[in-house]
Amino acid sequence: MYNLQALGYNEFFAGQQNNKQGKVGRIATASNGIYKLFTKNSELRAQLSGRFHHLAEHTRDYPCVGDWVLFQAIDGEDKGIIHEVLQRSSLLSRHAAGPKQEEQLMAANVDTVFLVNALNQDFNLRRMERYLMQVYESGASPVFVLTKKDLCQDKEIDEKVQAVEEIAFGAPVLAIDALHEEGLTSLKEYLHEGKTVSLLGSSGVGKSTLINRLLGQEVQETQAIRGEDAKGRHTTTHRELFLLPEGGVIIDTPGMRELQLWSGEEAAGETFQDVERLAGQCKFRDCRHEQEPGCAIQNAIASGELSDDRYKSYVKLQREAKFLDLKEKYGAHRASRMQVEELKKGTW
Ligand SMILES: Nc1nc2c(ncn2[C@@H]2O[C@H](COP(=O)(O)OP(=O)(O)OP(=O)(O)O)[C@@H](O)[C@H]2O)c(=O)[nH]1
Ligand SMILES: [Zn+2]
């Protein structure tokens, strides 16, 4: 059913399959331990083998969207058991804020990341720089895609393109109008058969619109269709991995869409290593930094070593991260309810 080469299977992955048992498939969606696999013959629902669970130690050992895996098909059913993740050519992940610094995987084996920003709104070069670094670290190549060109004057477009070029470290900067399909051919260069592109950008910049145009059909609901206040949309209507008509793959995970919030819009570029170091010195491991004895944070605030304001923004960022985590796991609706519950109990 799928041409594996069109899906991105190449010598790098084939070389790892040598003499190993199992068929190969690419992960199209991953949620709560259930994976949808695109394979040569079909689409399968798959789970991890017991041995896999046993051997996996870190988040990175588990598969995510875009991974190539080895699996065993269950005879007569559209199901499979995954027993190995092939080594990745790139990995986009993010670190959850907080003392544990847990890693969350967003997409694997991505060749190009489109960093999508709208020319007419919320144009933040510092944030673009942070995204750019994150993409470089992942092993994928960044391309800036500036949307909504039709809503700006030529002079403004030129100035903004130039400003982005100055921070882009040589990454291409392309201005487009997805609504009227202007400039889309400049993106086609990255959408070859066997190549994988992923999109990163804030809500409303036009990612769904762009995906629909590139695919030539309405696969992703845009804001214009679903209305501004639709809740929990990613859990039900959102798809994650698409095969383009020309070959080539687009990955659009909810996690990628929310990356910007994780890095902390307000706390732009700030890190809280000082606070985390202090938190590690509290007497109790589960210290909530309120009135516990031996709380290094409260002591530092009392002595003036740590400002109250700084601690408050750290807490704020933590809560934001926690909420996003819940939202991603359970959908916006349930996440809000859980938040309210915790607020009542005083554990939020
Ligand atoms: N004028 C103009 N409008 C655009 C363009 N691209 C997207 N839009 C509009 O911008 C709005 C938001 O676009 P979406 O594609 O839903 O944005 P998104 O990035 O997918 O948003 P989320 O799904 O919330 O992450 C819609 O009303 C689109 O029609 C463009 O190039 N020009
Ligand atoms: Zn403490």
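How many helices and how many strands does the chain have? You have 14 helices and 13 strands to look at, in what is a predicted model. Here is a route through them.

**Stop 1: the whole chain**

Start with everything shown, and colour by domain. The domain assignment gives domain 1 as 11-85, domain 2 as 91-262 and domain 3 as 273-345. Put a marker at the C-alpha centre of domain 1 and another at that of domain 3, and the two sit 37 Å apart. If you colour by burial instead, buried residues account for 33% of the 348 in the chain. A contact map is handy here too: take the contacts between residues at least 6 apart in sequence, and 65% of them join residues at least 24 apart.

**Stop 2: strand β1 and the loop after it**

Select 23-31, which is β1, and pick out Ala30 in that strand. Ala30 counts as partly exposed because it has 19 C-beta neighbours inside 10 Å, where 20 would make a residue buried. Beyond residues up to four places away in sequence, Ala30 touches Tyr35, Pro63, Cys64 and Val65. Now add Glu240 to the selection: 210 residues separate Ala30 from Glu240 in sequence, yet their C-alpha atoms are 9.2 Å apart.

Step along to Asn32, in the loop that links β1 to β2 (34-39). What is the sign of phi at Asn32? Positive, near 50°, and this is a residue other than glycine. For context, most residues other than glycine have a negative phi. Asn32 has 7 C-beta neighbours inside 10 Å, so it counts as exposed.

**Stop 3: strand β4**

Next, select 68-74 to bring up β4, and find Ala73 there. Ala73 is partly exposed, since 19 C-beta neighbours fall inside 10 Å. Leaving out neighbours within four places in sequence, its contacts are Lys23, Leu44 and Gly80. Try a distance label from Ala73 to Pro293: these two are 220 residues apart in sequence and 56 Å apart, C-alpha to C-alpha.

**Stop 4: helices α3 and α4**

Show 125-138 and 154-167, which are α3 and α4. Packed helices are described by the angle and the distance between their axes. Here the axes come within 10 Å and cross at roughly 45°, so α3 and α4 are oblique to each other. The crossing of α3 and α4 is right-handed.

Which residues meet across this pair? On the α3 side, select Leu125, Met128 and Glu129; on the α4 side, Ala163, Val164 and Ile167. By class, that contact has five nonpolar residues, no polar ones and one charged.

**Stop 5: either side of α5**

Move to the loop between β10 (173-175) and α5, where you will find Glu181. Glu181 is another non-glycine with a positive phi, about 55°. Glu181 is exposed, as 11 other C-beta atoms lie within 10 Å.

On the far side of α5 (185-188), in the loop leading to β11 (196-200), select Lys195. Is Lys195 partly exposed or buried? Partly exposed, because it has 19 C-beta neighbours inside 10 Å. Setting aside residues within four places in sequence, Lys195 is in contact with Gly8, Asp111, Thr112, Tyr190 and Gly248. Light up Leu7 as well: Lys195 and Leu7 are 188 residues apart in sequence, but 7.5 Å apart from C-alpha to C-alpha.

**Stop 6: helix α6**

Select 207-215 for α6, then highlight its buried residues: Lys207, Ser208, Thr209, Leu210, Ile211 and Leu214. Just past the end of α6, Gly216 has a positive phi of about 70°.

**Stop 7: helices α13 and α14**

Finish with 308-330 and 332-345, which are α13 and α14. Their axes come within 7 Å and cross at roughly 135°, so this pair, α13 and α14, is oblique. The crossing of α13 and α14 is right-handed.

Turn on side chains for the contact. From α13, show Phe323, Leu326, Lys327 and Tyr330; from α14, show Ala332, Arg334, Ala335, Met338 and Gln339. The residues of this contact divide into six nonpolar, one polar and two charged.

Methods
Residues numbered from 1 in each chain as written. Chains lettered and ligands numbered in written order. Predicted model: local features only at pLDDT ≥ 70, side-chain atom pairs only at ≥ 80, totals over all residues. Axes fitted to C-alpha atoms, helices over the stretch in contact; angles between N-to-C directions. Helix = DSSP H or I, 4+ residues; strand = E, 2+ residues; numbered from the N terminus. Parallel < 35°, antiparallel > 145°, perpendicular 65-115°, else oblique. Left-handed = near helix turned anticlockwise from the far one by under 90°. Contact = placed C-beta atoms within 7 Å. Nonpolar A, V, L, I, M, F, W, Y, C, P; charged D, E, K, R; others polar. Domains from an automatic or database assignment. Buried ≥ 20, exposed ≤ 12 C-beta atoms within 10 Å, placed from the backbone.
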